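Here's a quick tour of a protein model, made for someone new to reading structures. Keep the picture open while you go through the points.

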Amino acid sequence: METDKLFYNEILLDHQRRPAHKKDLPEANLELRGVNPSCGDNILLKLKVEDGVITDGAYTGDGCVISQASADMMLDLAIGKPKQEALRLCEIFLRMIKGKVTEEELEELEEASALLDVSHMPARVKCAVLGWRTMEALLSPPEGGEPGC
């Protein structure tokens, strides 16, 4: 069990040290800022969506290892997926943080499942979900409206 925790910590640190998606994305056609007012973590999430598929994504911002690594892992999963699939992954991730996910769903989250233990750290939950809630808001249609893309 201790070996698993060390492995998961390495995943988080790797995404924080060498994020694949922490950059600007000038060709994005959707963007939204997400902020965690309780600690100051923030991201500007940018997505390029074509024909209902997320073809590229990036984020900029500042925050703790958990918030930044979580956003990077989220984009690893979302890029190349239809918007509805990305929203489904958001829903699974948010349920995982509440401790209400199946083993099969946990496997779908790939490296993002490394954040499972955050469910036992209430002060860090908002950090872990910042990017996911931002993407969920960005891809969901406004009340009674149509999605952006």
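**Salt bridges and what they link**

Search the whole structure and you'll find nine salt bridges. Bear in mind that this is a predicted model. Below we look at some of those salt bridges, then at the cysteines, the nonpolar core, two helices and a tyrosine.

*Charged pairs*

- Let's start with Lys-46 and Glu-31, whose side chains meet in a salt bridge at 3.9 Å, N to O.
- Lys-46 belongs to strand E2 and Glu-31 to strand E1, so this pair ties together parts that are 15 residues apart in sequence.
- Which of the two is buried? Lys-46 is, with a relative accessible area of 13%, while Glu-31 is partly exposed at 47%.
- These two also have company: Asp-24, Glu-31 and Lys-46 are linked in a network of salt bridges.
- Next up is Glu-85, which forms a salt bridge with Arg-88, and their closest N and O atoms are 2.9 Å apart.
- Both of these residues sit in helix H3, three residues apart, or about one turn of the helix.
- Glu-85 is partly exposed at 23% relative accessibility, and Arg-88 is partly exposed too, at 31%.
- Helix H5 has a pair of its own: Arg-133 and Glu-136 form a salt bridge with the closest N and O atoms 3.7 Å apart.
- Arg-133 and Glu-136 are three residues apart in H5, so about one helical turn separates them.
- Here's the general idea behind such pairs: an α-helix has 3.6 residues a turn, so residues three or four places apart point the same way.
- As for exposure, Arg-133 is partly exposed with 42% relative accessibility, and Glu-136 is partly exposed with 25%.

*Cysteines*

- How many disulfides does the structure hold? The count is zero.
- Take Cys-127, which is in no disulfide: the nearest cysteine sulfur belongs to Cys-64 and is 3.7 Å away.
- That gap leaves the pair out because a disulfide needs sulfur atoms within 2.5 Å.
- Cys-127 is buried, with a relative accessible area of 3%, and Cys-90 is buried as well, at 0%.

*The nonpolar core*

- The largest nonpolar core has 41 residues, and the ones touching the most other members are Leu-45, Leu-47, Phe-93, Leu-109, Trp-132 and Met-135.
- Which elements give two or more residues to this core? They are helix H1 (2-17), E2, E3, H2, H3 and H5.
- H3 supplies the largest share of the core, with nine residues.
- For a closer look, pick Leu-109: leaving aside neighbours within four places in sequence, this residue is in contact with Leu-77, Leu-89, Ile-92, Phe-93, Met-96 and Trp-132.

*Helix H5*

- H5 covers residues 122-139, so 18 residues in total, and spans 26 Å from its first C-alpha to its last, close to the 26 Å expected at 1.5 Å a residue.
- Where does H5 bend? Look at Leu-130, where the bend is about 45 degrees.
- The buried residues of H5 include Cys-127, Leu-130, Trp-132 and Met-135.
- Those buried residues pack against strands E1 (30-35), E2 (42-50) and E3 (53-62), and against helices H2 (65-78) and H3 (83-97).

*Helix H2*

- H2 has 14 residues and reaches 20 Å from first C-alpha to last, close to the 20 Å expected at 1.5 Å a residue.
- Is H2 mostly covered or mostly open? It's mostly covered, with 12 of its 14 residues buried.
- Among those buried residues are Gln-68, Ala-71, Asp-72, Leu-75 and Leu-77.
- After H2 comes Gly-80, whose phi is positive, near 95 degrees.

*Tyr-59 and its neighbours*

- Tyr-59 lies in strand E3 and is buried, with a relative accessible area of 0%.
- Ile-43 is 16 residues away from Tyr-59 along the chain, yet their C-alpha atoms are separated by 6.2 Å.
- Not counting residues up to four places away in sequence, Tyr-59 touches several others, including Pro-19, His-21, Ile-43, Leu-45, Gln-68, Ala-71, Asp-72 and Leu-75.

Definitions and conventions. Residues are numbered from 1 along each chain as its sequence is written. This is a predicted model: local features need pLDDT of at least 70, side-chain atom pairs count only at pLDDT 80 or more; totals for chains, interfaces and linings use all residues. Side-chain values use heavy atoms; hydrogens and water are left out. Helices (H or I, at least four residues) and strands (E, at least two) are DSSP runs, numbered from the N terminus. The bend at a residue is the angle between axes fitted to the seven residues ending there and the seven starting there. Buried means under 20% relative accessible area, exposed over 50%, partly exposed in between (1.4 Å probe, protein chains only). Contact means heavy atoms within 4.5 Å. A salt bridge is a side-chain nitrogen of Lys or Arg within 4 Å of a carboxyl oxygen of Asp or Glu. A nonpolar core is a set of buried Ala, Val, Leu, Ile, Met, Phe, Trp, Tyr and Cys residues joined through side-chain atoms within 4.5 Å.
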